[in-house]
Amino acid sequence: MDLKKNDVVTVLIEDMAADGEGIGKADGFTLFIKDALIGDMVEAKLMKVKKNYGYARLMNVITPSPDRVEPKCPVYRQCGGCQIQALDYQAQLKFKERKVRGNLERIGGFTDIPLEPIIGMENPYHYRNKAQFPVGIDKSGEIVTGFYAGRSHHIIPNTRCHLGAQVNEEILQVVLEYMKKYNVSAYNEVTGKGLVRHILIRTGFISGEIMVCLVVNGKKLPQAEKLIDELIKIEGMTSITVNVNEKRTNVILGEEVRLLWGTTYIQDNIGDITYRISPLSFYQVNPIQTRKLYETALEYADLKGEETVWDLYCGIGTISLFLAQKAKMVYGVEIVPQAIEDARANAALNNIDNAEFYVGKAEKVLPELYEKKGIYADVIVVDPPRKGCDEKCLETIVKMKPERVVYVSCDSATLARDLRYLCERGYEVKRGRACDMFPMTTHVETVALLTRKAQ
Ligand code: SAH
């Protein structure tokens, strides 16, 4: 039987793709079905038929998977932020472990890495310390805020996201009421007119400090004092600012931040280190898991206090400062200059004087310093973006011959590729562990330890 578009088929879901789509076969033909879970028997309608596989839309779950649970969020399918919220959390963790192991095997050729059990969360909800809510108008002209529907700019009204801090809902209500009461307009992406574009909220989970930043298509907010009066009634309110973004762009934040009340930043802690976070700075969004991830990295680095450590892709120095407590000297490298400013400020804030930072691409800074100054490392930590490390960077790591390399990765496919490179040049993978920084989504973080083989 030849399958064609709009055919409706019954499929048993036998696997899940890396991005969470269910995979099953109809008449031997492989189908990818969004929102279908491993173990589900589903009815699906073919949307796109390719030579060897196709995509189908989930119509009906005939027999649910034993791991299927009722999602907490009523708009979970439209929103697209949580791809696997309907999967029991323990099954989510198994899925992520399988994904990491699969990539290490397929891409890296590693069949014998002793992976330690994935680090999950006790409570896998309300873990995000940062949220950016777009503001717009619905069909009836009401001001709404919520989330963009998957792969679009259509706002699904929702102020109760189960991943964000619980206080977000109250803050959003205050902002919406203020906008309605004082006729403050919402930005319209199509016309480029209107004022309020986004509401950015950050909360320090340890410190309890809250930041509210309204991103506006203008320089200021009318009757801002009325908004401030209401917001400061919320316990923990520390920073209220406006971010000026008058450009017609999808980029959420502009460059200028104006203070309305309090300070322009909040502070939070990971372990013993205090970090200063401004609206524009990068900070890990799941502080509970970040701490566990960094502790794993620290354990793998096995520092005794005399080591020289390089932390490549260091951001605002989060890992560097964590390691500096246990090392002789830490050098961080990061491409974004503002992040390095934050890193230096954070070092000073914590009285850490054994950390130094360089601005630039890791694949440029490291080889240059190695050629010119013959820099040395006992341990190198890398935490690159999804595309992984540049080969030039890996090549220099090999030349520097550190005893240990700790690789923190947000994409196990590029991790597998880079581990393979290092293992073909004198290193071996000793330990590895996945950490679930983003429950309900398909993303997973992994830490790996490589040691130099005796020559
Ligand atoms: N280790 C930090 C940040 C990790 S995110 C933390 O845990 O908070 C990855 C970082 O790599 C980002 O800050 C990004 O700006 C930086 N980056 C991206 N490409 C880079 C490159 N080629 N060289 C150095 N840093 C880079």
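This briefing describes the ligand site, the nonpolar cores and two residues with unusual backbone angles. The structure is a predicted model. In this model, 17 residues surround the ligand, and the largest nonpolar core holds 102 residues. Tyr 313 appears under two of the topics below, as a ligand contact through its backbone and as a residue with a positive phi.

**Ligand site**

- Among the 17 residues around the ligand, the closest are Gln 284, Tyr 294, Thr 318, Glu 334 and Ala 362.
- By residue class, this shell divides into 9 nonpolar, 4 polar and 4 charged residues.
- Thr 318 places an N or O atom of its side chain 2.8 Å from an oxygen atom of the ligand.
- A nitrogen atom of the ligand lies 2.9 Å from a polar side-chain atom of Asp 383.
- Tyr 313 contributes through its backbone, where an N or O atom lies 3.1 Å from a nitrogen atom of the ligand.
- On its own the ligand has 570 Å² of accessible area, of which the protein covers 87%.
- Two or more residues of the shell come from each of the elements α6 (318-324) and α8 (362-373).

**Nonpolar cores**

- Within the largest nonpolar core, of 102 residues, the members that touch the most others are Trp 310, Leu 312 and Ile 397.
- Leaving aside residues up to four places away in sequence, Ile 397 touches Leu 312, Leu 366, Ile 380, Val 382, Pro 402, Val 405, Leu 422 and Tyr 427.
- Another core, of 35 residues, lies apart from the largest one and includes Phe 147, Ile 201, Val 216 and Leu 227.
- As a general tendency, nonpolar side chains in soluble globular proteins are buried together.

**Residues with positive phi**

- Most residues other than glycine have a negative phi.
- Tyr 313 is not a glycine, yet its phi is positive, at about 65°.
- The loop between β16 (308-312) and α6 contains Tyr 313.
- Tyr 313 counts as buried because its relative accessibility is 16%, and the cut-off for buried is under 20%.
- His 126, likewise a residue other than glycine, has a positive phi near 50°.
- The position of His 126 is in the loop between β6 (115-119) and β7 (130-137).
- With a relative accessible area of 22%, His 126 is partly exposed.

Conventions: Residues are numbered from 1 along each chain as its sequence is written. This is a predicted model: local features need pLDDT of at least 70, side-chain atom pairs count only at pLDDT 80 or more; totals for chains, interfaces and linings use all residues. Side-chain values use heavy atoms; hydrogens and water are left out. A residue is near a molecule or strand if one of its heavy atoms lies within 4 Å of it. A polar contact is a pair of N or O atoms within 3.5 Å; within protein, one must be able to donate a hydrogen and the other to accept it, and residues adjacent in sequence count only if both atoms are side-chain atoms. Accessible areas come from the Shrake-Rupley method with a 1.4 Å probe; for residues, only the protein chains shown count as cover. Helices (H or I, at least four residues) and strands (E, at least two) are DSSP runs, numbered from the N terminus. Ala, Val, Leu, Ile, Met, Phe, Trp, Tyr, Cys and Pro count as nonpolar, Asp, Glu, Lys and Arg as charged, and the others, Gly among them, as polar. A nonpolar core is a set of buried Ala, Val, Leu, Ile, Met, Phe, Trp, Tyr and Cys residues joined through side-chain atoms within 4.5 Å. Buried means under 20% relative accessible area, exposed over 50%, partly exposed in between (1.4 Å probe, protein chains only). Contact means heavy atoms within 4.5 Å.
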